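I opened this one to see how the chain is put together and then to check a handful of residues one by one. Notes follow in the order I looked things up.

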Amino acid sequence: MYVKPKKYLGQHFLLNDSISQRISASLCIEKNHNLIEIGPGTGALTKFLLQEKINLVTFEIDQESIEYLNLNFPNLKVYNQDILNVNWATLFNNNFSVTGNFPYNISSQILFKIYENRDRVDKMVGMFQKEVAERLCSGPGTKKYGILSVLIQAFYNVNYLFTVNEDAFDPPPKVKSGVVKIKRNNIKKLDCDEKLFFRVVKAVFNQRRKMARNSLKAMFGDNKIDHLLLTKRPEQLSVSDFIELTKLLESKIK
Ligand code: SAM
């Protein structure tokens, strides 16, 4: 059975087994641990994940791929659901990991979903567009540093693992890809209001060229706080600076 890759679903099937093997090995999943694979497609990565003694569930929205998977991997759990509409909290009784050669059009949304479920998602090894992968791993002082770098790095240790060339896929995408591993750090809760932290990070990065003070005015008014952090632009602020900034505003709101 041949599955025709569909552009609107972001389907680029991995041809190179050694890349799938590297992704699977990088997960370092312990026995019986829970794992979600997003978008198994025709099982390029799945076939290696199935060799591990883990509890694997997969989510795929392409009917043709699902038929292919049912035929070739009869024991695989495949749910025909859009991963963005799934309530991750109800999937398992305990924590889980996430993997996939992600559909690039929803990669940021997958990362936001991981952020929302940070108390459940222990780790993720995933393939992204190279630029997204680099952004995720960038630190302050770089152009690529952004909202998702701060949010994810607040709760995860991030590692850029390797770059994958266009010709590793059918059809080849227009850009290179990058594989990233993130692993939960030991911070259970930030030392600030986490909902406010999220809003502050978003507001400050939404106006990249402005000083934090100006970007935050719309949200918090001209609160007359005098602090060095408010004179910085977003790419100059580290994760702990954003936490400090949130605490500053919190004290004014209360
Ligand atoms: N894992 C396969 C591989 O490496 O060859 C396929 C990867 S392909 C880049 C992305 C897969 O995600 C496709 O099979 C596509 O149908 C599926 N997909 C796209 N959007 C999805 C969504 N919202 N939820 C679940 N799967 C999705």
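These entries go from the whole chain down to single residues.

**Entry 1: the whole chain**

I'm working with a predicted model here, so there is no experiment behind the coordinates. I counted the secondary structure before anything else and got 9 helices and 9 strands. Then I looked up the radius of gyration: it is 20 Å, close to the 18 Å from the globule rule for 254 residues, so the protein is as compact as a globular protein of that length. Along the principal axes, the C-alpha atoms fill a box of roughly 65 × 40 × 25 Å.

Next I checked burial and contacts. Of the 254 residues, 51% are buried. For contacts between residues at least 6 apart in sequence, I find that 67% join residues at least 24 apart.

Surface and charge came after that. The exposed area is about 12800 Å², and carbon and sulfur atoms supply 47% of it. I get 37 positive and 26 negative side chains, with the centres of the two sets 5 Å apart.

**Entry 2: helix α6**

How many residues of α6 (residues 147-155) are buried? I get 9 of 9, so this helix goes down as mostly covered, given that buried means under 20% relative accessible area. The buried residues include I147, L148, V150, L151 and I152. S149 and Q153 are on the buried list too, along with A154 and F155.

**Entry 3: N185**

I went to N185 next, which sits in the loop between β9 (177-184) and α7 (194-206). Is N185 buried or exposed? Its relative accessible area is 14%, so I call it buried, the cut-off being under 20%.

Setting aside neighbours within four places in sequence, I have N185 in contact with Q153, A154, F155, Y156 and N157. Q153, A154 and F155 are names I already had from the buried residues of α6. The N185 side chain also makes a polar contact with the side chain of R184, at 3.1 Å.

**Entry 4: F48**

F48 is in helix α2 (residues 46-49). Its relative accessibility is 9%, so F48 counts as buried. Which residues does F48 contact beyond its neighbours within four places in sequence? I get D17, S20, Q21 and S24.

I also pulled a distance for the pair F48 and F197. They are 149 residues apart along the chain, and their C-alpha atoms are separated by 38 Å.

**Entry 5: the loop between α1 and β2**

I spent a while on this loop, which runs between α1 (17-27) and β2 (34-38). I looked up three of its residues: C28, N32 and H33.

C28 has a positive phi of about 45 degrees, although it is not a glycine. Its relative accessibility is 48%, so I logged C28 as partly exposed. Leaving out neighbours within four places in sequence, C28 is in contact with K123 and K181. I checked C28 against V125 as well: the two are 97 residues apart in sequence, yet 9.7 Å apart C-alpha to C-alpha.

N32 also has a positive phi, about 70 degrees here, and it is not a glycine either. Its relative accessibility is 60%, so N32 is exposed, which takes over 50%.

Where does that leave H33, buried or exposed? It has 11% relative accessibility, so H33 counts as buried. Not counting residues up to four places away in sequence, H33 touches I54, N55, N95, F96, S97 and D122.

**Entry 6: a cis peptide bond**

Last lookup was backbone geometry around P171. The peptide bond from D170 to P171 is cis, with omega near -10 degrees. P171 itself is in the loop between β8 (169-170) and β9.

**Entry 7: to keep in mind**

For the backbone, I'm keeping the positive phi values at C28 and N32, plus the cis bond from D170 to P171. For burial, I'm keeping N185, F48 and H33 as buried single residues, and α6 as the mostly covered helix.

Terms used. Residues numbered from 1 in each chain as written. Predicted model: local features only at pLDDT ≥ 70, side-chain atom pairs only at ≥ 80, totals over all residues. Heavy atoms only, no water. Helix = DSSP H or I, 4+ residues; strand = E, 2+ residues; numbered from the N terminus. Buried < 20%, exposed > 50% of the residue type's maximum accessible area, 1.4 Å probe, protein only. Polar contact = N/O pair within 3.5 Å; in protein donor to acceptor, adjacent residues only side chain to side chain. Contact = heavy atoms within 4.5 Å. Rg over C-alpha atoms; globule rule 2.2 N^0.38 Å. Areas by Shrake-Rupley, 256 points an atom, 1.4 Å probe, with all protein chains shown as cover. Lys, Arg positive; Asp, Glu negative; His and termini not counted. Charge placed at Lys NZ, Arg CZ, Asp CG, Glu CD.
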